[in-house]
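Please work through the exercises below with the sequence and the structure open beside you. Each task is followed by a solution that proceeds step by step.

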Amino acid sequence: MKETVIEILASIRPDVDFESAEGLVSGGILESFDLVSLISELSDEFSVTISAKELVPENFDSVDAIVKMIESLR
Amino acid sequence: MGINTLAFLLFFVFGITVFYLLPQRLKWPFLLLLSLSYISFKDIRGIVFIVLSSLSVFLGGRLFEKRNEPKDASFRKKILILTMIFNLGVLFFVKYVKPIYGAFSGKTPPELDKIPFFDSIIIPLGISYYTLQILSYLLDVYWGRQKAETNYGKLLLFTCYFPQMIQGPISRYGALSAEFFKEHRFKLHNLKFGLQLMLWGFFKKMVIADKVGPYVQRIFFSHKEPYGLTVVLGLIFYGIQLYCDFSGGIDVIRGVSECFDVKLAENFRQPYFSRSLGEFWRRWHITLGSWMKDYVFYPLSLSRPMAKFKKSLKKKVSRVTVNRIQIAICDIVVFLLVGYWHGAESIYWAWGLYNGIILAISALLTDVYAGWRKKLGVDPKRKLWDNLFIARTLVIVTVGWIFDCSKTALGSLNLLKNAFIISKTSFEPIVLNLVDWVEIAELIIFCAILFKVSRMKERGVVVREKIEALPFAVQVIIWVGMIQLVACFGRSSGEVGFMYANF
């Protein structure tokens, strides 16, 4: 799952090295447009519903956090 | 009682003295008392609105925590909708009913004030700001991002904290409550930094904004219609005035609050250095922008109707295009709402549409722009291109200010048309009648100081720490110099209210 998440992230922002990046949202690396695209792609790929409730920086700040959130929603 | 008055200064000195003399447990209740007194100075009826609004979200929050089982979903939703309707309904009633009726009946505001029903409508101090604040608390508790407050007094203080009642910033409960209820000890540097920020704010407001203001008034709101360069100059003046007025006011507010050892959220981050319109709105009125992002943009993007709409599009266009269309729609909705938040008049709708459409187009044409950049060999890391992007954003933003420079949207468009009419008389009003050249020379120097400080901040310099590190004698010179600047060059013909206090 982690590789797929990295692939999706890289397709949205090819300029960022997501393997090691932290603070994706709280550090301002991902902008709101990127986040909306990311949520859309994640929802389609993993068949999960990501709602406004999940939209906190802690859930999107790193690849590991995103993977953890998807697992909890499945 | 405006924050640039002697009465406020006395109120502030009294507040600070008592605040630090009181024991810890009485500090926040005293801040609450101070805030309620401040509101009652303007209109005691304002307190009724604040108490009812904060009580509604307090009870809503408590209910969300008590009824948190999956079977309660429908009940929770009903409570959320009812509480939101109540608070937005009150805001709509006091702020929009009168202008909307005026627009349909053709009556002017003074005429409306003579009608029995309308003459009793008051706009409570800070309602546009605190309504958004308490709705953010309500939604955060509903979504489980924030624990419900169990002490009503604490939530009331969050709603009516006096420094931010005038023009924001729009705070979040998590951040502000941590500041309110921490241990407050008197620290000289808090007072020093707070006073310094206030002084800087007064410099921007009284020395620059209040001096530029009369030019803007004469250019756009006198009997003579402006043309050509006069319009351009008027727009540049207005851009300076609005920034210095609003961000100066926020500096004073944050400075006052820092003296009470309560740090408020940042609302401006050198917006005129932005490389794109999107970046500009992330650096201008930051707390309103982030409120709109968290409570309108994301929920709308993730809503069921939007998901259905996207599904219907996916058969026709690529996934990437669908995402961009979604972002474009949300951008337009958000900016229309931001416009509407400022007021019901047509200029605000037009302003929202102007910004929303530009952002929507840039979202839709991302690939086209990327292609152009590649063809032209654009390297954003190079200084030349970087400056060109800043200049382009400045032009887009400055053109957008035209909607603030007329009473109607059509009038604004007419002004825009006038800007392109270069006639013999197009510059005459400025040269002959408007300009006091000494004052203009002073303004250029003051704007240069502002630019220099802003550029230092832009490069990551923490100006207050830089000053702190200077020899004591130099610090004294800076302090005395700034006080002299405000005292000697600040507009002396009485108090001028803050532009954003009207929203």
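The exercises that follow concern chain B of a predicted model.

**Exercise 1.** Find which elements give two or more residues to the nonpolar patch on the surface, and decide how Leu364(B) is to be classed by its accessible area.

*Solution.* Begin with the members of the patch, which are Leu353(B), Ile357(B), Ile361(B), Leu364(B), Leu365(B), Val368(B), Trp372(B) and Leu376(B), together holding about 700 Å² of accessible area. Next, place them on the chain: the elements that contribute two or more residues are helix H15 (346-364) and helix H16 (366-376) of chain B. The largest share, 4 residues, comes from H15(B). Finally, take one member, Leu364(B), which lies in helix H15 of chain B. Its relative accessible area is 42%, and since the partly exposed class lies between 20% and 50%, Leu364(B) is therefore partly exposed.

**Exercise 2.** Determine which residues touch the most other members of the largest nonpolar core, and which helix gives the most to this core.

*Solution.* The largest nonpolar core has 155 residues, and among these Phe260(B) and Trp401(B) touch the most other members. Helix H9 (residues 188-221) of chain B makes the greatest contribution to this core, giving 15 residues. To see the surroundings of Trp401(B), leave aside residues up to four places away in sequence; the residues that it touches are then Leu235(B), Tyr238(B), Gly239(B), Leu242(B), Tyr272(B), Phe280(B), Trp281(B), Trp284(B) and Trp351(B). As background, nonpolar side chains in soluble globular proteins tend to be buried together.

**Exercise 3.** Locate Gln270(B) and His285(B), which have a positive phi, and decide whether each is buried or exposed.

*Solution.* Start from the general expectation that most residues other than glycine have a negative phi, and that most peptide bonds are trans. Gln270(B), although not a glycine, has a positive phi of about 40°, and it is found in the loop between helix H10 (228-259) and helix H11 (277-283) of chain B. Its relative accessibility is 10%, which is under 20%, so Gln270(B) counts as buried. His285(B), likewise not a glycine, has a positive phi of about 45° and is found in the loop between H11 and helix H12 (286-301) of chain B. With a relative accessible area of 4%, His285(B) is also buried, because this value too is under 20%.

**Exercise 4.** State what kind of peptide bond runs from Gly168(B) to Pro169(B), and where Pro169(B) lies.

*Solution.* The bond has omega near 5° and is cis. Pro169(B) is placed in the loop between helix H7 (152-160) and helix H8 (173-180) of chain B.

Methods. Residues numbered from 1 in each chain as written. Chains lettered and ligands numbered in written order. Predicted model: local features only at pLDDT ≥ 70, side-chain atom pairs only at ≥ 80, totals over all residues. Heavy atoms only, no water. Patch = residues over 30% accessible without salt bridge, like charges linked within 9 Å, V, L, I, M, F, W, Y side chains within 5 Å. Areas by Shrake-Rupley, 256 points an atom, 1.4 Å probe, with all protein chains shown as cover. Salt bridge = Lys/Arg side-chain N within 4 Å of Asp/Glu carboxyl O. Buried < 20%, exposed > 50% of the residue type's maximum accessible area, 1.4 Å probe, protein only. Core = buried A, V, L, I, M, F, W, Y, C linked by side-chain atoms within 4.5 Å. Contact = heavy atoms within 4.5 Å.
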